[in-house]
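Welcome, and please open the structure in your viewer. We will go from stop to stop, selecting a few residues each time and looking at what is there.

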Amino acid sequence: MTFIRRFFSRFGWGGVLGDLSGQQLDVPSHLVTKPTSVDGALQISTVYACARLLAGTVSSLPLMVYREDRQGRRSVDRNSRLWMILHDQPNDQMTASDFWQAMILQWALRGNAYAQILRNDDGELVSLWPLSSDQMIVFADKKTNQVVYQYTRDGVTFNLEPSDVLHIKDIGTGLVGFSKLEFMNASIGESMETQKYTTANASNFGRPSGILTVDHVLDRKKGQAEAVGRALGSFTNGAGRMIVLEADMKFQQVALTPEQSQLLESRKYGVEELCRWFGVPPVLIGASGATTWGSGIAEIVSGFHKFTLNPLLKTIEQAILSRVVPIEDRSLVTVEFNLDAFMRGDLASRYSAYATAVQNGFKTRNEVRQLENDPPLEGGDVLTAQTNLAPLDKLGAGADPNVDQTPIPEAVQQ
């Protein structure tokens, strides 16, 4: 099916940015190199590591559901069915972490992640089930101006309405996201060829161990060259063994290094190239080399959160609100990821943020204790703030009238 879409787009039937009815195109019309399968791409460590980092990071963030009352006060809606499915368990076979890892893996490689939304007869949400992006085709019906999701499983094809599909999209036309794996195919192919070369030459790293020279021509008809090779080959199988050369034979070791063959540089460039496609700083997947964002890991992580994770999280939140939350509840319900989980591993930063929130009246002490899974304390639900800052016209308003407020002379102070 992908081949057919590429074929028609070559003849002016629209590329990936075309506004077309019918089946939506999410792959390039022309590939620089032959297509790479998902199975093949995931055998490249950089692709696997980037996909795992994105999927693992998003799945580690709690997805919160809030509901506003008539006074506009927002509270966590823990007793709702929406909370149970989004925060705890989307279906009876997956935890929330399992579900979002599967979804983000599809999004990272194919640019689209789909999940079927199941509801009961009363229209209440029952479960969410991830679907394979490779088995989904998105149609734009020209007559009805509606989007149709066509899914094939076990040879059976059925259509789904947009209200029955949670669709997480990467950059694209708005109807579908671009298949990242197809667009980065040339970069993956280059890394695969480098990997094949490295594997094939792992024993000698692409170079001979040495050169044997003699002062006369060996008689190949009598097998003299082969005999010498077999004789010397027996010595190379053991480390530290002494080699005795007869007659006028001379051995010269070849000292070519991997740097001279530029293999290491090619592999390092391949890592940076693939990380660029995923928006992942190479240092976060264990790649060596100098950092390029800021002077340390804190700046790199901050940039990763701002420029890669935040757009993805916002896309997920809006998709859930538009497809999963009933239309009558959208003005009262808020679905968002709790980014405080990013600080879970940094005790000093977490406690510093808590202190700032409590001292400035943003949070109560019991709210902070709840975030740390500690029991509430009596009197801990009162908002407090430091009183060392006050308007200038209020200075001295709380002074005790029985205490002499006359300034102490400078001489006495000394």
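What follows is a walk through a predicted model, beginning with the whole chain and then turning to its parts.

**The whole chain**

Show everything as a cartoon to begin with. The chain has 14 helices and 12 strands. Its 414 residues include 32% that count as buried. Now think about contacts between residues at least 6 apart in sequence: 59% of them join residues at least 24 apart.

**Stop 1: a sheet of 3 strands**

Select residues 63–68, which form strand S2, then add strand S3 (74–76) and strand S12 (333–337). Together they make an open sheet in the order S3-S2-S12, and the pairing is antiparallel. Which strands lie at the edges? They are S3 and S12, each of which pairs on one side only. From one strand to the next, the twist averages 35°.

Look at the join between S2 and S12 next: 5 bridges connect these antiparallel strands. For one pair to label, pick Val 65, whose bridge partner in S12 is Val 335. Helix H11 packs on this sheet, where it touches S2 and S12, and its direction makes about 150° with that of S12.

**Stop 2: two helices that cross**

Keep H11 (residues 297–323) on screen and add helix H5 (residues 96–110). How do these two helices meet? Their axes come within 13 Å and cross at roughly 115°, so H5 and H11 are roughly perpendicular to each other. The crossing is right-handed.

Turn on side chains here. From H5, choose Trp 100, Ile 104 and Trp 107; they meet Leu 312, Ile 316 and Ile 320 of H11. Sorted by class, this contact of H5 with H11 has 6 nonpolar residues, no polar ones and no charged ones.

**Stop 3: Cys 50**

Move on to helix H3 (residues 45–59) and select Cys 50 within it. Is this residue buried or exposed? Cys 50 has a relative accessible area of 0%, so it is buried.

Now show what surrounds this residue. Beyond its neighbours within four places in sequence, Cys 50 is in contact with Cys 275, Phe 278, Val 280 and Ile 285. Try a distance label as well: from C-alpha to C-alpha, Cys 50 and Gly 279 are 8.6 Å apart, while 229 residues separate them in sequence.

**Stop 4: S1, S6 and S7**

Select strand S1 (residues 22–23) and strand S6 (residues 136–141), an antiparallel pair joined by 2 bridges. Gly 22 has Ala 140 in S6 as its bridge partner.

Add strand S7, which covers 146–153. S6 and S7 run antiparallel too, with 6 bridges between them. Ile 137 stands opposite Gln 150 in S7. The hairpin of S6 and S7 has 4 residues between the strands, and in this hairpin Asn 145 takes a positive phi near 60°.

While the strands are on screen, here is a general point for looking at side chains: in a regular strand they alternate between the two faces of the sheet.

**Stop 5: Asp 154**

Follow the chain past S7 into the loop that leads to strand S8 (156–160), and select Asp 154 there. What is the phi of Asp 154? Its phi is positive, about 55°, although the residue is not a glycine. Switch on a surface too: Asp 154 has 76% relative accessibility, so it counts as exposed.

**Stop 6: S4 and S9**

Select strand S9 (residues 165–169), where 4 of the 5 residues are buried, so that the strand is mostly covered. Then add strand S4 (residues 112–119), which pairs with S9 in the antiparallel sense over 5 bridges. To see one of the pairs, label Gln 116 and its bridge partner in S9, Val 165.

**Last stop: Thr 364**

Finish in the loop between helix H12 (347–359) and helix H13 (365–371), where you will find Thr 364. Although Thr 364 is in a loop, it counts as buried, because its relative accessibility is 6% and buried means under 20%. Which residues does Thr 364 touch? Not counting residues up to four places away in sequence, they are Val 358, Gly 380, Asp 381, Val 382 and Leu 383.

Definitions and conventions: Residues are numbered from 1 along each chain as its sequence is written. This is a predicted model: local features need pLDDT of at least 70, side-chain atom pairs count only at pLDDT 80 or more; totals for chains, interfaces and linings use all residues. Side-chain values use heavy atoms; hydrogens and water are left out. Buried means under 20% relative accessible area, exposed over 50%, partly exposed in between (1.4 Å probe, protein chains only). Two strands pair if DSSP finds at least two bridges between them. Axes are lines fitted to C-alpha atoms, for helices over the stretch in contact, and angles run from 0 to 180 degrees between N-to-C directions. Angles under 35 degrees count as roughly parallel, over 145 as roughly antiparallel, 65 to 115 as roughly perpendicular and the rest as oblique. A crossing is left-handed if the near helix is turned anticlockwise from the far one by less than a right angle, and right-handed if clockwise. Contact means heavy atoms within 4.5 Å. Ala, Val, Leu, Ile, Met, Phe, Trp, Tyr, Cys and Pro count as nonpolar, Asp, Glu, Lys and Arg as charged, and the others, Gly among them, as polar.
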